[in-house]
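Good morning, colleagues. Please take a moment to look at the model on the screen before I go through its strands, its backbone geometry and its surface.

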Amino acid sequence: MLGATLGLVILFTSSSGMEFVNGKQQPKSTFTCLKLVALIALYLVLISPAESFDPLDPTGNVTIRWDIMSWTSDGYLATVTLFNFQLYRNIMNPGWTLGWTWAKKEIIWAMMGAQATEQGDCAKFKLKIPHSCKRNPQVVDLLPGAPFNTQFTNCCKGGVLTSWGQNPSGAVSAFQIGVGLSGTSNKTVKLPKNFKLLGPGPGYSCGPAKIVPSTAILTEDRRRKMQALMSWNVTCTYSQFLASKNPSCCVSLSSFYSDKVTGCPPCACGCQNNDTCVTKDSKILQQNVTSPHQKSDITLTPKPLLQCTHHLCHVRVHWHLKDNYKDYWRVKIAIINFNYRLNFTDWSLVVQHPNLNNVTQVYSFEYMPLLPYESTNDTGMFYGLKYYNDLLMEAGPKGNVQSEVLMKKDKNTFTLKQGWAFPRRVYFNGDECMLPPPDSYPMLPNSAHKLPTTITLMAAYVVFTLFFHLVVTLF
């Protein structure tokens, strides 16, 4: 898309570099041409389809695979599998919601491992009532503990998917669907369209379904390989700009060599929630702040109840430069939750810093290097230890997790000057956090300010010595 945009801009520039003045063609001014080029480039970017690119996870996506396993009298029986191929972005509670539009007048006869959120109008069916007659159904995963006769392989997680980097086995969800009035062969079946994925909120954009080579699926005993009769894939990518116009987290900084703590920028996550936030001693907190949904839609996340802060972010990540040894240096990382209605299961923290290529030890967190580009090793993912701190509780005394990281110095690059010891990028749960402006970072004390003090002390010492000798001589 970017190449097409640039091509159109170049074409416009080359074909519109002249203007007519008094009936004569003359060259346009350079400033006018540049303005027109900039406006057209901006227009093409705005009207282009939403395509996302994450520089720290360039191939990350959610792939939805449909495999028709058998034909029925008026349709087919298919297995639908969701793969979260994103390295560090999970889909948290209340889980994924998958929607699409049927190409013809298809219905859903039955489902296992998932359910449609609405049945729709099935009045014309007399004997057997379909599971859903909606032309644009929305499907959600079953909750844990669902009846055994409704379960399917890799189902019943409440729609929660871990990231591929944290736990590949938890990054897969599947269900079985029986479709009717759809055609009974590869030539008569029409692929669904307009796929939409909520994970759990907005942010994902899905491409069209594309037919792929039929999938080979192992049976449960893994002794037989079955071939799907027809398969197609849908790829969905995430964009933080589509999810929210404001960040959801911010970063604060501090160091051992300075008393200054660089806080999150004011209104780092927008100030639109300023009227609805609560203070620590609010009476609202004495009530049931975990009332889940303000609406009846089961696919909505709880309405946030944020603690009043100057940044109004859901989460703050604090990076403290703790110690500086001869060959090593130590950083303390803390993650604080300011949302009284939301906790984070299987949270993840991604940090970009040049010295992450030489991590010696990580305390209390799991750590995995991320290598989006083979030539660069400056990014890593931190996440909680299972059953210890993999759950970041809601705001309050327990709403934080923390760890320390010990890194070995590279004497050719290591420095405490100009904010080098602070991170370049920070992501929490897949969303980039707002960093303070670089000119506000804790800076090393200026040695020039120490010079007058040193000279004063030396002068005082000399004067005191002369005075002492004078006194001894006189007495």
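I begin with one residue pair: Val 350 has Tyr 427 of β27 as its bridge partner. This is a predicted model, in which local features need pLDDT of at least 70 and side-chain atom pairs count only at pLDDT 80 or more, while totals for chains, interfaces and linings use all residues. Residues are numbered from 1 along each chain as its sequence is written, and side-chain values use heavy atoms, with hydrogens and water left out.

The pair just named belongs to two antiparallel strands, β21 (residues 348–352) and β27 (residues 425–428), which are joined by four bridges. By strand I mean a DSSP run of E with at least two residues, and by helix a run of H or I with at least four, each numbered from the N terminus. Two strands are said to pair if DSSP finds at least two bridges between them. In general, the strands of a sheet pair through backbone hydrogen bonds, either parallel or antiparallel.

Which order do the strands of the open sheet follow? The order is β23-β24-β21-β27-β28, five strands with antiparallel pairing. The edges are taken by β23 (365–370) and β28 (431–432); each has a single partner strand, so one side of each is left without a neighbour in the sheet.

I turn next to strand β3. This strand covers residues 62–71, and seven of its 10 residues are buried, where buried means under 20% relative accessible area, exposed over 50%, and partly exposed in between, with a 1.4 Å probe and protein chains only. Nine bridges connect β3 with β4 (residues 75–84) in the antiparallel sense, and three residues lie between the two strands of this hairpin. Within this pairing, Arg 65 stands opposite Thr 81 in β4. Strand β3 also pairs with β15 (residues 230–238), again antiparallel, over seven bridges; there, Thr 63 has Thr 235 as its bridge partner.

Now the backbone. Most residues other than glycine have a negative phi, and most peptide bonds are trans. Where are the cis peptide bonds to be discussed here? One runs from Asn 93 to Pro 94, with omega near 10 degrees, and Pro 94 sits in the loop between β4 and β5. Another joins Gly 199 and Pro 200, with omega about -10 degrees; Pro 200 is in the loop between β10 (193–198) and β11 (204–206).

Positive phi values deserve a similar look. Leu 181, in the loop between β9 (172–180) and β10, has phi near 55 degrees and is partly exposed at 38% relative accessibility. Asp 346 likewise has a positive phi, of about 55 degrees. This aspartate lies in the loop between β20 (344–345) and β21, and its relative accessible area of 15% makes it buried.

Is Pro 442 buried or exposed? Pro 442 is buried, because its relative accessible area is 0%. Its place is the loop between β28 and α4 (447–474). Pro 442 and Leu 321 are 121 residues apart in sequence, with a C-alpha to C-alpha distance of 9.9 Å.

I close with Lys 105, which is found in the loop between β5 (97–101) and β6 (107–112). Lys 105 counts as exposed because its relative accessible area is 70%. Thank you for your attention.
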